[in-house]
Structures are given as structure tokens and as C-alpha cells.
Amino acid sequence: MRYKTIVKNKKEQSIIAKTRIELLYALALDSLRKKDIVLARNSIKNMIKISRKNKISLKDYNWFFCKKCFEPYGVDTIDISTNKHTKTLDVLCKNCGYVRRKPLQKNINS
Ligand SMILES: [Zn+2]
């Protein structure tokens, strides 16, 4: 059985999706504090699902979790180093070993 969509307005739908993402982010933070990593990971997966369905970018939460294993970054699970050759910031996820690179900005002060 298919449920009929109550919300017809696209703007309204995106606002609802955004608030849902914010709520899930708060839930993930809360579960991290309680050291419930499974719940945090599941809420992050839901965040990604909602963002893809409603075409909302997760720019604000981009560096909150690992993109491969969806594990939220913490003190124990992250290793940051700079790479002189590629001029990037290397972020290593200790859980799965996935390295993300971010280009270093030339003007840090600006
Ligand atoms: Zn990972």
C-alpha cells in the first residue's frame, strides 16, 4: 500500500527535510555522548538518505563523519596530518583506514 504525500509544496518539504536532518544530527551527538555508536551511525545513514531524496547538501555536516563507514569522527577514531607533497590535510579514519584529503587554503587569515 502506498501512502499519499500530504505535503505538496516543495519548499515546505525541503524545510521539513532540513529540520529532520538537524534532529538526526542532534540525536547522533547525543548517542555519541552515551557511547552508543550503532545509533549514531544509523542516524547518520538516515541523514544521508534524506539529503539525497530531497537534494539537500550536507555541507555543514561534511566533516562530522567518515564517508565510507559512517562512523562519526571522535578523538579516538581520527588522525590528522598535513602532506607537504600534495599540500593537503589528510584525515585518517582509524575505524576503516579511509583517508580523506582537503586542500590547504593559501590565505588562512582571510
Ligand atoms: Zn571510516
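## A walk from the helices to Cys93

Start by selecting Ile21, Leu24 and Ala28: in helix H1 these are buried (a buried residue has 20 or more other C-beta atoms within 10 Å of its own, an exposed one 12 or fewer, a partly exposed one something in between, with C-beta atoms placed from the backbone). Before you go on, know that this is a predicted model, where local features need pLDDT of at least 70, side-chain atom pairs count only at pLDDT 80 or more, and totals for chains, interfaces and linings use all residues. Residue numbers start from 1 along each chain as its sequence is written.

Now colour all of H1, residues 10-33. Its 24 residues reach 35 Å from first C-alpha to last, close to the 34 Å expected (that is 1.5 Å times one less than the number of residues). Helices here are DSSP runs of H or I with at least four residues, strands are E runs of at least two, and both are numbered from the N terminus. What do the buried residues of H1 pack against? Show helix H2 (37-54) and you have the partner. On the way, click Lys35, just after H1, which takes a positive phi of about 60 degrees.

Next, the strands. Select S1 (residues 78-83) and S2 together: they pair in the antiparallel sense over 6 bridges (pairing needs at least two DSSP bridges between the strands). Find Asn83, which stands opposite Thr88 in S2. The hairpin has 4 residues between these strands, and Lys87 there takes a positive phi near 55 degrees.

Add S3 (residues 99-103), joined to S2 by 5 bridges and running antiparallel to it. Here Leu92 faces you as the residue opposite Val99 in S3. In this second hairpin, with 5 residues between the strands, pick out Gly97 and its positive phi near 80 degrees.

Last residue stop: Cys93, in strand S2 (residues 88-93). Is Cys93 buried or partly exposed? It's partly exposed, because 19 other C-beta atoms lie within 10 Å. Leaving aside neighbours within four places in sequence, Cys93 is in contact with residues including Cys66, Cys69 and Tyr98 (contact means C-beta atoms, placed from the backbone, within 7 Å).

Finally, zoom out. The elements run α-α-β-β-β from the N terminus on. The radius of gyration is 17 Å, well over the 13 Å that the globule rule gives for 110 residues, so the protein is more spread out than a compact globule (the radius is taken over C-alpha atoms, and the rule is 2.2 Å times the number of residues to the power 0.38).

Technical notes: Contact = placed C-beta atoms within 7 Å.
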